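Please examine the sequence and the structure shown below before reading on. The paragraphs that follow lead from single residues to the interior and the ligand.

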Amino acid sequence: MGVILFGPPGAGKGTQAAAICEAMSIPHISTGDIFRKHLKEGTELGQLAKSYINKGQLVPDQVVCDIVASRLTEPDCAAGSLLDGFPRTVPQAEMLNTWLTQNQRSVGAVINIQVDFDILVARLSGRRTCLACGATYHIDNNPPPIAGRCDKCESEVVQRDDDSVETVRARLDTYAKDTAPVLAWLEPRTVVHTIDGSQAIQTVRSKILSAIQG
Ligand code: AP5
């Protein structure tokens with residue numbers, strides 16, 4: 001079964017993704033992670049994505065949809081996948097719907113994590129990310145046991161370029177304008193579980209797992 005992990009920047013999508021994937025035995029597809037990988041490898045796509053990401057804007061729909069469609073055809077996605085950060089516009093949702101229909105696939109559920117915008121600014125500006133493995137931390141809520149070091153791979157943890165307060169505000173504006181309307185598009189088409197993401201990380205995790213395990 002396919003699952004969409006939906007919510008504003010900083011809602012906790014990345015934090016909760018691994019537990020969902022483990023519970024459902026499906027791979028994690030994060031469009032943001034795919035762009036950051038290209039950025040790190042210095043590809044043309046990475047350069048293109050950077051020009052949007054660092055302004056808090058969305059990468060053009062067709063670019064994102066081509067990447068997701070290509071990833072979904074890989075064998076590990078045959079039984080479903082967790083789409084994290086996609087779709088992010090109504091045209092992306094429509095393109096995904098067309099692809100799923102053409103390929104006899106479906107999305108069984110949407111996990112919609114919601115958090116007030118003032119909390120999100122504090123979360124994102126305090127977030128630290130491991131550039132090697134992508135693990136995320138927060139300087140106050142979820143610090144690595146050794147300051148500045150990733151607990152999982154021991155690499156350095158840093159602030160993402162798009163986690164400055166100014167860019168975070170631009171990302172939240174983009175979410176409100178382009179991404180929030182996707183929820184109204186999804187609601188009549190699939191089951192949407194809305195979770196209060198302002199609770200403790202473990203509480204949010206338990207509520208998500210209860211929702212998807214029925
Ligand atoms: P992407 O990487 O997808 O970023 P995002 O959606 O902005 O999401 P984040 O990764 O910032 O937040 P998150 O919800 O994963 O929160 P996290 O778990 O880390 O996209 C980046 C950019 O790529 C976009 O801006 C866009 O330009 C481009 N892009 C990506 N997809 C695209 C698409 N489909 N179309 C077009 N462009 C696209 O948590 C945040 C912090 O809070 C962490 O420090 C964490 O420790 C902490 N935290 C988490 N949960 C809790 C909790 N319950 N309590 C306290 N702290 C918590």
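Leaving aside its neighbours within four places in sequence, with which residues is threonine 190 in contact? The model considered here is a predicted one. In it, threonine 190 touches Val107, Gly108, Ala109 and Val110, when neighbours up to four places away in sequence are set aside. Threonine 190 itself belongs to the loop that runs between α7 and β8 (191-196). Its relative accessible area is 15%, and because buried means under 20%, threonine 190 is counted as buried.

The interior of the protein may be considered next. The largest nonpolar core consists of 28 residues, and those with the most contacts inside it are Ile4, Phe6, Phe35 and Leu83. Several elements give two or more residues to this core, namely β1 (2-6), α2 (31-41), α3 (44-53), α4 (61-72), α5 (90-102), β4 (107-114) and α7 (165-186). Apart from this core lies another, made up of 20 residues, with Ile20, Cys21, Val115 and Ile212 among them. Within the largest core, Phe35 is one of the residues with the most contacts. Not counting residues up to four places away in sequence, phenylalanine 35 touches Leu45, Gly46, Ala49, Ile53, Val59, Val64 and Ile67.

The surroundings of the ligand form the next topic. There are 35 residues around the ligand, and Thr15, Gln57, Arg88, Arg127 and Arg171 come nearest. By class, this shell comprises 13 nonpolar, 15 polar and seven charged residues. Individual atom pairs give further detail. A polar side-chain atom of arginine 88 is 2.5 Å from an oxygen atom of the ligand. For arginine 36, an N or O atom of the side chain lies 2.8 Å from a ligand oxygen atom. Alanine 11 takes part through its backbone, where an N or O atom is 3.2 Å from an oxygen atom of the ligand. On its own, the ligand has 1000 Å² of accessible area, of which the protein covers 96%. Two or more residues of the shell come from each of α1 (13-24), α2, α6 (117-125) and β6 (136-138). The largest share, four residues, is given by α2, an element that also gives two or more residues to the largest nonpolar core.

Arginine 127, one of the residues that come nearest to the ligand, has its place in strand β5. Is arginine 127 buried or exposed? With a relative accessible area of 13%, arginine 127 is buried. Beyond its neighbours within four places in sequence, arginine 127 is in contact with Thr136, Tyr137, His138, Val158, Gln159, Arg160, Asp163 and Arg171. Arg171, too, is among the residues that come nearest to the ligand.

Alanine 135 lies in the loop between β5 (127-130) and β6. This residue has 10% relative accessibility and therefore counts as buried. Setting aside neighbours within four places in sequence, the contacts of alanine 135 are Arg128, Thr129, Cys130, Cys150 and Lys152. Alanine 135 and valine 157 are separated by 22 residues in sequence, and their C-alpha atoms are 8.5 Å apart in space.

The loop between β3 (82-84) and α5 contains threonine 89. At 8% relative accessibility, threonine 89 counts as buried. Its side chain reaches the backbone nitrogen of glutamine 92 at 3.1 Å. Leaving aside neighbours within four places in sequence, threonine 89 is in contact with Leu58, Asp61, Asp178 and Val182. Threonine 89 and threonine 179 are 90 residues apart in sequence, while the distance between their C-alpha atoms is 5.1 Å. Proline 87 is also found in the loop between β3 and α5. The peptide bond that leads from phenylalanine 86 to proline 87 is cis, with omega near 0°.

Two further residues concern the backbone. Serine 25, although not a glycine, has a positive phi of about 55°. This serine 25 is situated in the loop between α1 and β2 (28-30), and with a relative accessible area of 64% it is exposed. For glutamate 154, likewise a residue other than glycine, phi is positive and near 70°. Glutamate 154 has its place in the loop between β6 and β7 (157-158). Because its relative accessibility is 62%, glutamate 154 counts as exposed.

Technical notes: Residues numbered from 1 in each chain as written. Predicted model: local features only at pLDDT ≥ 70, side-chain atom pairs only at ≥ 80, totals over all residues. Heavy atoms only, no water. Core = buried A, V, L, I, M, F, W, Y, C linked by side-chain atoms within 4.5 Å. Buried < 20%, exposed > 50% of the residue type's maximum accessible area, 1.4 Å probe, protein only. Contact = heavy atoms within 4.5 Å. Near = heavy atom within 4 Å. Polar contact = N/O pair within 3.5 Å; in protein donor to acceptor, adjacent residues only side chain to side chain. Areas by Shrake-Rupley, 256 points an atom, 1.4 Å probe, with all protein chains shown as cover. Nonpolar A, V, L, I, M, F, W, Y, C, P; charged D, E, K, R; others polar.
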